[in-house]
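New to this one? Take a look at the model below, then read on for a short tour.

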Amino acid sequence: MKMFGAISLFLAPEYIGSVNFYGTFILGGALGLFIMSWNIVTFILNSKRFKFLATTNHPFAKYCLNNAIIPLALIIFIFIKLYIYQRYNELNIPGNILILMSGLFMGIVLFLFISFTYFFSANKTILRSIQRKMGGTRKLLEQIRTKEAQHDDDALRVDNYLNAVFKSRRARNVDHYNKHFLDFVFRRHHFAALITMIFAVIFLLIMSYLTAYPAFRIPAGASILIFFSILIGFSGAFAYIFGTWSIPLLIIGILLLNAALKDDIIDTRSKAYGLDYTHKDERPEYQFRYLDSLFTPQLAQKDEDSTVQILNRWRSKFPSYTKPKMIIINVSGGGTRSATWCMDVMQRADSLMGGSLMDHTVLITGASGGMIAATYFRELYLEKLQGKEINLYSKRYIENVSKDLLNAILSSFAINDFFTPFQRFTLDGNRYSIDRGYAFERQLNINTDFALDKTLKDYERPVQEAKIPMIFFTPTITTDGRKLIITSQPVSYMTWPQYIRPHRNVRDVDGVDFCRYFAKFHPEDLRITTALRMSATFPYVLPNVYLPTRPIIDVMDAGIRDNYGQETSLRFLHVFRDWINENTSGVIFIQIRDSHKNEVLPIEKQKGLMDMILEPLFTMQHNWSAFQDYQHDDLTAYAEHFFKVPFSRIIFQYVPKKGTEAAALNWHLTGREKFDIYQSLFNPGNTNAFHYLLEMIKQ
């Protein structure tokens with residue numbers, strides 16, 4: 001998970017919006033629980049191999065002491081990594097780092113102290129209960145020994161063990177001890193150990209129902225450690241109770257769970273917030289024949305006429321004696337890295353253009369993080385038009401889009417998705433699951449001061465009046481790769497390529513107009529954050545969104561089909577090419593991308609056996625961005641031929657500073673990565689692109 005930024009969850013744990021002492025303290029406590037869970041489970045499963053421990057004062061404490069080398073190695077490793085990460089990735093000062101490290105240390109020590117205090121108390125209780133069961137101390141001593149030596153085949157040879165931190169003792173021979181007595185001692189200790197796991201489960205369940213309150217949103221790293229602690233505890237208890245039946249019972253359990261999910265007995269699917277899922281009988285079919293019959297040329301013409309009215313209103317914002325330049329903005333996917341880069345570029349471009357970027361822009365489209373920043377910038381521009389005191393160039397908005405989202409996602413993944421998957425919330429009379437998709441949207445709203453807490457309906461009028469640009473969200477339908485085109489206006493003309501001379505009776509429908517297709521299910525109530533989530537659903541990190549169709553379909557990241565939004569933009573330009581030729585002085589096609597174009601990755605001179613085995617499997621994944629680049633370059637070259645007016649293409653690309661690694665593709669950025677992204681604005685390529693943009697606008 002390093003490539004997705006998961007390392008930051010443990011080395012920069014956020015709590016209540018910042019990395020602080022309390023966050024590392026909670027993480028330390030969770031790490032203590034993880035260590036104790038490992039000790040408890042291995043003690044339960046392996047204590048039969050060390051029967052001599054039953055004759056010591058504190059068997060579990062002795063067991064933990066003699067196995068301390070592995071937990072200590074882990075703790076030392078984490079402390080070293082924490083310092084290096086905070087110093088060189090987060091650009092933190094040594095004093096602050098020491099405070100964070102002290103929080104981690106105190107969290108570990110406090111939990112271990114509480115745990116051993118509990119076990120020491122439990123040990124006294126166990127001894128008293130044994131004495132009562134055996135009829136007092138004298139009878140206990142009489143029954144401890146047996147007349148015949150009994151060797152246990154499971155026992156491992158131990159000559160010496162640590163009785164204290166720096167004190168060893170010779171292991172006692174217990175072959176002459178009553179086997180039932182030794183087993184009884186261990187069973188009581190096992191029960192005491194399992195009680196701690198039960199409390200951990202209860203704690204996690206309580207936390208899952210209190211995450212609506214910021215103080216109870218513990219760092220995701222802590223949630224993950226608690227989750228793994230419980231997982232270890234369950235697996236150990238399962239193996240201890242069922243023995244050799246553990247694997248067969250586990251397989252049966254998985255098969256039953258699979259059947260329950262397939263038959264909708266258990267429904268934990270993530271849904272589109274705002275969309276109505278109640279009318280099952282009226283759900284639209286997802287078949288090609290239905291799509292072909294729905295998105296007719298007549299309907300496309302109707303939607304075209306509606307969009308032409310928007311374009312005419314856009315044209316009226318400029319003097320009648322001069323034709324304006326039309327800007328189309330395409331933004332790339334790439335998580336928080338792309339969102340931060342996109343906001344940086346849009347702020348600087350608008351500043352250089354004297355605040356006219358949104359006035360000239362007709363359409364914004366793209367994928368993932370880039371769309372978050374572009375949608376946020378458009379909303380801020382709208383709020384400014386409505387009279388709010390908004391400084392579009394404030395660094396505050398860059399900080400907002402660069403804030404962590406990964407913590408909320410993976411914390412919910414560890415808590416809600418596994419332990420309380422049946423939690424629901426109600427919105428406009430519809431019930432939806434509380435999962436990591438919900439956590440993503442909630443955190444995105446918090447990060448952006450709830451500026452994006454709106455619906456498609458809220459943007460319908462401003463777009464119709466051409467006050468703000470149109471935005472197309474285009475998540476990919478996983479069933480067949482078609483685009484789901486989400487916008488505040490019907491755009492059925494985007495669902496199939498309009499050939500100049502149709503040569504087939506059947507149209508090649510490769511897209512679905514969200515508003516037209518789900519007309520009976522209140523598509524206008526779809527949350528904007530949900531539209532953003534649907535186009536930013538990276539596999540496994542966020543859950544696929546299921547839609548009310550027959551059969552049910554689901555969607556995920558827009559980047560699978562069109563990571564840069566150019567395919568969508570070029571179709572829009574083709575549909576309205578005649579209007580553009582007549583009413584504009586040219587098209588400026590802007591691409592804001594978070595990766596270096598035409599980059600050739602280092603090629604290994606020699607390939608090993610693993611390279612030969614794995615390379616064919618991952619070729620598509622590694623070159624996906626390049627494949628789309630080649631296709632889009634080709635489409636753009638063709639597009640120039642259907643315009644009589646100038647067609648200018650400008651690319652702004654994030655290129656890391658020489659000698660540094662590019663910011664990771666995830667929902668978390670370090671301090672160094674944020675600074676590196678900002679510095680990329682001033683590299684020669686982007687500086688020239690800004691100059692070229694100003695020249696094109698003035699022509």
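## Helix H25

Let's start with helix H25, which covers residues 624–639: its 16 residues reach 23 Å from the first C-alpha to the last, close to the 22 Å expected at 1.5 Å a residue. Keep in mind as you look that this is a predicted model.

Which residues of H25 are buried? They are Gln628, Asp629, His632, Thr636 and Ala639. These buried residues cover an arc of only 105 degrees around the axis, so they sit on the same side of H25. A bit of background helps here: an α-helix has 3.6 residues a turn, so residues three or four places apart point the same way. On the other side of H25 you'll find Tyr630 and Tyr638, and both are exposed.

What do the buried residues of H25 pack against? Their partners include two helices, H21 (559–562) and H22 (566–575). Strands E16 (586–593) and E17 (647–653) are packed against them too.

## A nonpolar patch on the surface

Now over to the surface. Leu45, Tyr240, Ile241, Phe242, Trp245, Leu249, Ile252 and Leu256 make a nonpolar patch of about 790 Å². Two helices each supply at least two of the patch residues: H8 (220–242) and H9 (246–262).

One of the patch members is Ile241, and this isoleucine lies in helix H8. Is isoleucine 241 buried or exposed? Its relative accessible area is 58%, and because exposed means over 50%, isoleucine 241 counts as exposed.

## Lysine 698 and a partner far along the chain

Next stop, helix H27, which runs over residues 684–698 and contains lysine 698. Lysine 698 has 71% relative accessibility, so it counts as exposed.

How far apart are the C-alpha atoms of lysine 698 and lysine 325? They are separated by 8.7 Å, even though the two lysines are 373 residues apart along the chain.

## The whole chain

Time to zoom out. The protein chain has 27 helices and 17 strands. Of its 699 residues, 52% are buried.

Contacts across the sequence are worth a look as well. Take the contacts between residues at least 6 apart in sequence: 79% of them join residues at least 24 apart. As for the outside, the accessible surface of the protein chain comes to about 34100 Å², and carbon and sulfur atoms account for 59% of that.

Methods:
Residues are numbered from 1 along each chain as its sequence is written. This is a predicted model: local features need pLDDT of at least 70, side-chain atom pairs count only at pLDDT 80 or more; totals for chains, interfaces and linings use all residues. Side-chain values use heavy atoms; hydrogens and water are left out. Patches are made of residues with over 30% relative accessible area and no salt bridge: like charges are joined within 9 Å, nonpolar side chains (Val, Leu, Ile, Met, Phe, Trp, Tyr) within 5 Å. Accessible areas come from the Shrake-Rupley method with a 1.4 Å probe; for residues, only the protein chains shown count as cover. A salt bridge is a side-chain nitrogen of Lys or Arg within 4 Å of a carboxyl oxygen of Asp or Glu. Helices (H or I, at least four residues) and strands (E, at least two) are DSSP runs, numbered from the N terminus. Buried means under 20% relative accessible area, exposed over 50%, partly exposed in between (1.4 Å probe, protein chains only). Contact means heavy atoms within 4.5 Å. The expected span of a helix is 1.5 Å times one less than its number of residues. The arc is that of the directions from the helix axis to the C-beta atoms.
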